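Here is a short report on one protein model. Look at the structure first, then read on.

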Number of protein chains: 2
Amino acid sequence: MNLLTSGSTADYIDTGSWAVKAIKEAKRVGSVHVTGSTKADSYSRIPESGELKFTPGAAYVHMTSNNTIEGTQWKSIPEVGNAPLVCDASSDIFSRPIDIGRHGLVYAGAQKNLGPSGVTLVMIREDLLQRSNDSLHTMLDYRTHANNDSLYNTPNTFGIYVLGLTMKWLRASGGLSGIQAINERKAAKLYAEIDRGGFYRGTAQKGSRSLMNVTFRLPTEDLEKTFNKEATAAGLDGLKGHRLVGGMRASLYNAFPEAGVDVLVDFMREFERRRG
Amino acid sequence: MNLLTSGSTADYIDTGSWAVKAIKEAKRVGSVHVTGSTKADSYSRIPESGELKFTPGAAYVHMTSNNTIEGTQWKSIPEVGNAPLVCDASSDIFSRPIDIGRHGLVYAGAQKNLGPSGVTLVMIREDLLQRSNDSLHTMLDYRTHANNDSLYNTPNTFGIYVLGLTMKWLRASGGLSGIQAINERKAAKLYAEIDRGGFYRGTAQKGSRSLMNVTFRLPTEDLEKTFNKEATAAGLDGLKGHRLVGGMRASLYNAFPEAGVDVLVDFMREFERRRG
């Protein structure tokens with residue numbers, strides 16, 4: 001609503017469910033070009049750079065850095081030419097350093113890595129604020145928030161306070177590089193277990209695997225149901241995959257401790273021993 | 001955006017700063033008729049019913065039940081004919097019972113009487129949901145939230161939890177009738193002090209006085225500055241009136257204890273004795 005100006009086209013990279021929702025909303029505003037999609041591969045991977053065909057003079061290029069449902073994640077920022085890169089980083093923000101200078105706008109709901117739900121972080125390159133149209137409602141106009149230090153309205157003060165505490169915890173955990181090392185170690189342990197034998201099977205292609213959401217299947221849906229039931233009983237709750245893709249999903253956001261991964265891996269080995 | 005359909009007009013009653021903001025936003029959507037205003041009286045009163053001229057077939061009539069800056073409040077729900085009544089009840093919701101059956105839509109930010117900031121309560125008459133247009137963005141379409149039990153997105157869960165606790169406290173305080181009696185007693189004590197002599201002067205006309213925001217002046221601006229400074233030093237903080245109107249403002253929302261009013265009244269008497 002702020003960046004897609006009249007007569008221009010926005011490029012969207014379609015990597016899964018959240019990208020599809022973003023595309024749907026953008027089409028209400030203006031012209032949208034899907035500049036690459038891995039839908040034909042059930043979104044099991046991130047597109048290769050050669051697959052992306054950008055619109056010359058695009059208003060911006062939109063990407064989803066991590067796909068929670070499909071368990072995929074961009075490993076590097078794509079080259080998008082001169083158009084500003086807009087990134088929905090809701091599910092992997094501050095899980096690793098990013099080159100903010102290569103982004104025009106980054107937005108992220110707080111509830112994965114930032115703090116409690118009910119806060120959204122937006123970082124926008126200052127020159128892009130010029131695009132906002134005067135017909136926008138005051139609260140929907142990014143200029144309102146930029147010009148008022150994000151205090152035009154009374155925001156979610158408690159949520160922002162807890163977000164501040166989370167940022168202090170993040171700094172004490174070694175900052176973005178420190179948390180990246182921890183996140184890589186957590187995910188590596190779980191993917192190693194998935195890859196160990198043929199019982200478990202990762203659904204995302206290896207080069208596109210997410211450090212935040214590890215998706216995997218078992219040999220049969222019946223075994224998946226049993227796994228989910230026994231895991232929940234063992235205190236490993238929330239492992240059922242999204243209904244769109246089925247299977248299992250282990251979310252390893254910043255706040256999830258490495259010890260939790262160890263417990264899950266032990267449970268998986270024991271489950272395979274008994275049921276495999 | 002949801003109720004003002006193409007070709008129709010919305011009636012707005014202009015009772016102060018928040019009404020002016022609502023009118024400004026409505027004009028971005030469609031035709032707006034200001035159906036009565038007390039601007040000429042510096043918004044020191046609520047309009048009489050005879051002053052309101054409604055548009056036949058209006059999409060709705062919008063009112064602001066309490067005006068925080070000007071210290072005025074509607075004492076009864078106006079007769080608005082057949083148009084649905086839309087009420088911004090942000091600053092006096094649940095301070096007293098209201099006849100919800102006479103409203104088409106009530107909306108209220110949580111941060112006065114409901115709970116922490118970052119939550120907005122919307123109550124809408126079911127048939128009015130039919131007006132929402134398919135061109136609305138998903139998150140701005142009331143149908144999205146009505147059809148998904150207000151859980152289409154991940155909302156401000158902590159804020160809603162605390163709101164629930166506040167509702168339990170409200171029930172334990174005698175419900176809406178109980179809190180109304182307390183609020184009336186609190187405001188009556190403060191207005192009695194304002195009216196006692198000629199030193200303090202209420203800015204809202206007597207028939208329009210708010211139970212939530214009590215606005216008053218002192219004989220001079222210098223005395224107001226001194227009052228504010230000494231009150232703050234005595235632990236009575238936040239009494240400075242909004243910069244638009246000056247003077248003093250004591251906000252007596254549900255959570256403010258009656259004992260706090262007693263302390264303020266004592267301070268006012270002592271201040272007048274020393275400085276009057």
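## Rings, symmetry and a pocket

Counted over all chains, the structure holds 21 aromatic pairs. The model is a predicted one.

**A pair between two strands.** Take B:Tyr12 and B:Tyr60. Their rings are 5.8 Å apart, centre to centre, with 70° between the planes, and the pair is edge-to-face. A pair counts as edge-to-face when its planes are over 60 degrees apart. B:Tyr12 belongs to strand 1 (residues 9-14) of chain B, and B:Tyr60 belongs to strand 3 (residues 60-64) of chain B. The pair therefore ties together parts that are 48 residues apart in sequence. B:Tyr12 is buried, at a relative accessible area of 5%. B:Tyr60 is buried too, at 7%.

**A pair within one helix.** Now compare B:Phe158 and B:Tyr161. Their ring centres are 6.4 Å apart and their planes meet at 45°, so this pair is tilted. Both residues sit in helix 3 (residues 157-172) of chain B, three residues apart, which puts about one helical turn between them. An α-helix has 3.6 residues a turn, so residues three or four places apart point the same way. B:Phe158 is partly exposed, with a relative accessibility of 34%.

**A cluster of rings.** Some rings join into a group. In chain A, ring pairs link A:Phe199, A:Tyr200, A:Phe216, A:Phe227, A:Phe267 and A:Phe271 into a cluster.

Look next at B:Phe271 in chain B. B:Phe271 is part of helix 6 (residues 258-275) of chain B. Is B:Phe271 buried or exposed? B:Phe271 counts as buried, because its relative accessibility is 0%. Which residues does B:Phe271 contact, leaving aside neighbours within four places in sequence? The list is B:Phe199, B:Tyr200, B:Leu218, B:Leu223, B:Thr226, B:Phe227, B:Glu230 and B:Gly276. B:Phe227 is 44 residues away from B:Phe271 along the chain, and the C-alpha atoms of the two are separated by 7.4 Å.

**Lysines over rings.** Rings can also have a charge over the face. A:Lys21 lies over the face of A:Trp18, 5.9 Å from the ring centre. In chain B, B:Lys21 lies over the face of B:Trp18, at 5.9 Å from the ring centre.

**How the chains are related.** Two copies of a chain are related by a rotation about an axis and a shift along it. Here, a turn of 180° and a shift of 0.0 Å along the axis lay chain B on chain A with an RMSD of 0.0 Å. That is the relation of a two-fold axis. The same surface serves both copies: of the contact residues of chain B, 100% recur in chain A. Which residue of chain B comes closest to the rotation axis? That residue is B:Gly118, with its C-alpha at 3.4 Å.

**A pocket lined by both chains.** The second largest pocket holds about 740 Å³ of space. Its lining has 35 residues. Nearest its centre lie A:Met1, A:Ser135, A:His137, B:Met1 and B:Ser135. Which elements give two or more residues to the lining? They are helix 1 (17-29) of chain A and helix 1 (17-29) of chain B.

**Helix 1.** In chain B, the buried residues of helix 1 are B:Ser17, B:Ala19, B:Ala22, B:Ile23, B:Glu25 and B:Ala26. Among the elements that cover them are strand 1, strand 2 (31-37), strand 3 and strand 7 (105-109) of chain B.

In chain A, A:Ala26 is found in helix 1. A:Ala26 is buried, at 7% relative accessibility. Not counting residues up to four places away in sequence, A:Ala26 touches A:Leu4, A:Tyr12, A:Val32 and A:Tyr60. A:Gly198 is 172 residues away from A:Ala26 along the chain, and 42 Å separates their C-alpha atoms.

**Two serines with positive phi.** Most residues other than glycine have a negative phi, and most peptide bonds are trans. B:Ser42 has a positive phi although it is not a glycine, and so does B:Ser150. The table sets them out.

| Residue | Phi | Place in chain B | Relative accessibility |
|---|---|---|---|
| B:Ser42 | about 55° | loop between strand 2 and strand 3 | 58%, exposed |
| B:Ser150 | about 60° | loop between helix 2 (142-147) and helix 3 | 47%, partly exposed |

Conventions. Residues numbered from 1 in each chain as written. Chains lettered and ligands numbered in written order. Predicted model: local features only at pLDDT ≥ 70, side-chain atom pairs only at ≥ 80, totals over all residues. Heavy atoms only, no water. Least-squares fit on C-alpha atoms with pLDDT ≥ 70 in both. Contact = heavy atoms within 4.5 Å. Phe/Tyr/Trp six-rings, centres within 6.5 Å; stacked < 30°, edge-to-face > 60°. Helix = DSSP H or I, 4+ residues; strand = E, 2+ residues; numbered from the N terminus. Buried < 20%, exposed > 50% of the residue type's maximum accessible area, 1.4 Å probe, protein only. Lys NZ or Arg CZ within 6 Å of the ring centre and 35° of its normal. 1 Å grid on protein atoms, 1.4 Å probe; cavity = no way out; pocket = protein on both sides within 12 Å on 5 of 7 lines; lining within 4 Å. Points joined across faces, edges and corners; volume = space filled by probe spheres on them.
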